[in-house]
Amino acid sequence: MFLPPYYCKIALSDMVSKRSLDQLNEAYCRRICNKVERLLSKPESKDYPAMAVTAKLNGYISEAHSSPGQRMKLDVRNHIEKELGGKVGTKSPITNCYNPIGNCAEQHASDYLNRKMTRAGKTTDYKMIQFSAAMRPRTKMSFPKCENCKLLFEKTP
Ligand SMILES: [Zn+2]
């Protein structure tokens, strides 16, 4: 069946399944580890970012690792602070999550996706972002979303 280019593009982006998001994220974790090991002859656990994730929205892909949230773009930061009821770097009084607001790889990935969406003149629907499993690059262990990220990114937290 003939499909006009617009629909072809959507069909192709939908082919990036959850499994291949996980595969992309494993490759991202390997790049992180290679970089740490290249720069430091004896890397310690503190040299690795705690978590890394790969995210997808409307065909745009972003990868990010956990770090303090102060570098996030203002509108993403405002969105996250409003949803979680506190400032970046503090604990959310709504979720009581152990992770500081703005710290998670998922939240940084949503920031990068928002930058791409904004450049394309589109709005960011945070609840529509698909995430790979979050992985700790140093150990390759996977972790589920924390309570902050569930509230931000899942339709029914
Ligand atoms: Zn989180």
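A residue counts as exposed if 12 or fewer other C-beta atoms lie within 10 Å of its own, and as buried if 20 or more do. Keep those two cut-offs in mind, and remember throughout that you are looking at a predicted model.

**Stop 1: a loop near the end of the chain**

Select lysine 140. You'll find lysine 140 in the loop between E4 and strand E5 (141–143). Is lysine 140 buried or exposed? With 11 C-beta neighbours inside 10 Å, lysine 140 falls on the exposed side of the cut-off. Check its backbone too: phi of lysine 140 is near 65°, a positive value in a residue other than glycine. For background, most residues other than glycine have a negative phi.

**Stop 2: the whole chain**

Now zoom out and colour by secondary structure. The protein chain has 5 helices and 5 strands. Walk along the sequence and the order reads α-α-β-β-α-α-β-β-β-α. Of the 157 residues in the chain, 32% are buried. Take the contacts with a separation of 6 or more: 64% of them join residues 24 or more positions apart.

**Stop 3: helix H2**

Select residues 18–39, which is helix H2. How does its length work out? At 1.5 Å a residue, the 22 residues of H2 should span 32 Å, and the end C-alpha atoms are indeed 32 Å apart. Next, show the side chains of Leu21, Asn25, Tyr28 and Cys29, which are buried in H2. Turn the view to look down the axis of H2: the buried residues fall within an arc of 105°, so they line one face of the helix. The spacing has a simple background: an α-helix has 3.6 residues a turn, so residues three or four places apart point the same way.

What sits over that buried face? The cover includes E1, strand E2 (60–65), strand E3 (130–131) and E4. Flip to the face turned away from the buried side and you meet the exposed residues Arg19, Ala27, Arg30, Asn34 and Arg38.

While you're in H2, pick isoleucine 32. It counts as partly exposed, with 18 C-beta neighbours inside 10 Å. Setting aside neighbours within four places in sequence, isoleucine 32 is in contact with Tyr48, Pro49, Ala52, His65 and Pro137. Try the distance tool from isoleucine 32 to arginine 138: they are 106 residues apart in sequence, yet their C-alpha atoms are 8.9 Å apart in space.

**Stop 4: the E1–E2 hairpin**

Select E1 and E2 together. These strands pair in the antiparallel sense over 6 bridges. One place to see the pairing is threonine 54, which stands opposite glutamate 63 in E2. Then move to the turn, where the hairpin has 2 residues between the strands. Asparagine 58 is in this loop between E1 and E2, and its phi is positive, about 50°, although it is not a glycine. Asparagine 58 is partly exposed, with 17 other C-beta atoms within 10 Å.

**Stop 5: the nonpolar core**

Stay with E1 and look inward. The largest nonpolar core has 26 residues, and those with the most contacts inside it are Met51, Ala52, Val53, Ala55, Ala105, Ala109 and Ile129. Which elements each supply at least two residues of this core? They are H2, strand E1 (52–57), helix H3 (74–84), helix H4 (105–119), strand E4 (134–136) and helix H5 (147–153). The largest share, 4 residues, comes from E1.

Click on alanine 109 for a closer look. Not counting residues up to four places away in sequence, alanine 109 touches Val53, Ala55, Ser62, Glu63 and Ala64.

**Stop 6: helix H3**

Select H3 and show Val76, Ile80 and Leu84, its buried residues. Look down the axis of H3 and these residues fall within an arc of 50°, so they line one face of the helix. That buried set packs against H4 and H5. On the other side of H3, Leu74, Asn78 and Lys82 are exposed. Step just past the helix to glycine 85, whose phi is positive, near 70°.

**Stop 7: helix H5**

Finish with lysine 150, which lies in helix H5. Lysine 150 is partly exposed, with 15 other C-beta atoms within 10 Å. For a last distance, go from lysine 150 to threonine 95: 55 residues apart in sequence, 9.5 Å apart in space, C-alpha to C-alpha.

Notes. Residues numbered from 1 in each chain as written. Predicted model: local features only at pLDDT ≥ 70, side-chain atom pairs only at ≥ 80, totals over all residues. Contact = placed C-beta atoms within 7 Å. Core = buried A, V, L, I, M, F, W, Y, C linked by C-beta atoms within 7 Å. Expected span 1.5 Å × (residues − 1). Arc of directions from axis to C-beta. Pairing = 2+ DSSP bridges.
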